[in-house]
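Got your viewer open? Let's take a short tour, one selection at a time.

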Amino acid sequence: MKIIAIHSFRGGTGKSNLCANLAAFTAMQDKTVAVVDTDIQSPGIHVLFGYGNKNPKYTLNDYLNKKCDIDKVAIDLTKKIKLPKGKIFLIPSAMDANEITKILREGYEVDLLSNGFDELGEEFNLDYLFIDTHPGLNEETFLSTAISDVLLVIMRLDEQDWVGSAVTLEIAKKLELPKMGVILNKILPDIDLKKVRNDVSKNFKVDIAGLVNYYEELAKIGSKEIFIIDNPEHEMANSIQEIYNFIAD
Amino acid sequence: MDKNKIEEKVNEIEQSEYFQNVLSQVKKIRAIKNKDLKKKSEIWRNIFAKSEQQKLGYFLDYYQFSIPNEKPDFLSNLTEIKSSELKLIENEKFHSIIEDFRTGNHSLLKFKFSNCSELVETTNLKENNKLKNKNK
């Protein structure tokens, strides 16, 4: 099983959307994948999986509070999201404010999370486990990214993202993560991609995992669904393929 | 990009208590996983050595070996044949599977090392973790 952490320094980079689309694309390569929402402060990826109005029986918070085994938290959403191939599970975080503040106040143990990931891998025979993290640099972020095999840092071509992403990547190097890459998301049409690639390589000294354009049709969906499932031939699929090749290598 | 500003921020984080805490915890986890994987690697090396691995041609899910730059060297002798996938293998079935391979009745066997460790050591990861968490 490979653990892929998806992170961004700031909110609004399209992290959760990209995470969901990448996870679905990976599953569509006939793989078994899980998506864990470790963004305990502001969980949201479950909305993309059509779980916006439902209260799951168990959440990641319950597992971290030792109220249940992690396999009880995993929801098989393969049929619900009409995945044409492969399998996908979601491990959601609690939306309840009390649950959120409790775990933020009390914290949780790294090895509990790490063991939980291993158990998920065993129980569901996972090929990939995607971690959707909370934006920014904080202890929870370090915990969930530090135990990953690949870290993908998502940023936009926005001045506010450059410094923060650079700091994130330097910290990831200090944590000795095996592999990391940058994804530039929401790129506008008139941008010189060759220059962008050079700037990223020069400033971050990290591989570019992918470049994803801004798509109005994706913005219009507003996270109501996972775009790539119904649009596998869309141009965006080429970008997602590039990212998949990066993590699969 | 202001490189001094970046360096300053990185140093500040690196010296923080929470970063050091995470780093030490993660190092412990990695050390356990590395030790575990080396042990499994050795077990499988012996099994394959006895099973005439050259004839059988297993394809191994070598991503289980997530230690950077360190894959067991016997993997380079193994080649993928085809696509019949067996995910959980019980002890007695394993030997008959080897026999099937030898006689050409199976075209590919795909192992996951975590399951193979159960095969050999009969440890239950879930139970072990439950006990570990209980004892905390």
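Leaving aside its neighbours within four places in sequence, which residues is Asp62(A) in contact with? Select Asp62(A) and look around: you should find Lys57(A), Lys67(A), Cys68(A) and Glu99(A). Keep in mind that what you are looking at is a predicted model.

Stay on Asp62(A) for a moment. Asp62(A) sits in helix α3, residues 60-64 of chain A. Is Asp62(A) buried, and what is its nearest side chain of opposite charge? Asp62(A) is buried but has no salt bridge. Lys67(A) is that nearest oppositely charged side chain, 4.2 Å away, and a salt bridge needs the nitrogen and the carboxyl oxygen to be within 4 Å.

Next, select Lys102(A). You'll land in helix α5, which covers residues 97-106 of chain A. Lys102(A) counts as partly exposed because its relative accessibility is 26%. Now add Asn65(A) to the selection and check the C-alpha atoms: Lys102(A) and Asn65(A) are 9.4 Å apart in space, with their positions 37 residues apart in sequence.

Last stop: helix α6 of chain A, so pick residues 110-124. Helix α6(A) has 15 residues, and the distance from its first C-alpha to its last is 21 Å, close to the 21 Å expected at 1.5 Å a residue. How many residues of α6(A) are buried? The count is 12 of 15, so α6(A) is mostly covered. Among the buried ones, try colouring Leu112(A), Phe117(A), Glu119(A) and Phe124(A). Finally, click on Asn125(A), which follows α6(A) and has a positive phi, near 55°.

How values were computed
Residues are numbered from 1 along each chain as its sequence is written. Chains are lettered from A and ligands numbered from 1 in the order in which they are written. This is a predicted model: local features need pLDDT of at least 70, side-chain atom pairs count only at pLDDT 80 or more; totals for chains, interfaces and linings use all residues. Side-chain values use heavy atoms; hydrogens and water are left out. Helices (H or I, at least four residues) and strands (E, at least two) are DSSP runs, numbered from the N terminus. The expected span of a helix is 1.5 Å times one less than its number of residues. Buried means under 20% relative accessible area, exposed over 50%, partly exposed in between (1.4 Å probe, protein chains only). Lys and Arg count as positive and Asp and Glu as negative; His and the chain ends are not counted. Contact means heavy atoms within 4.5 Å.
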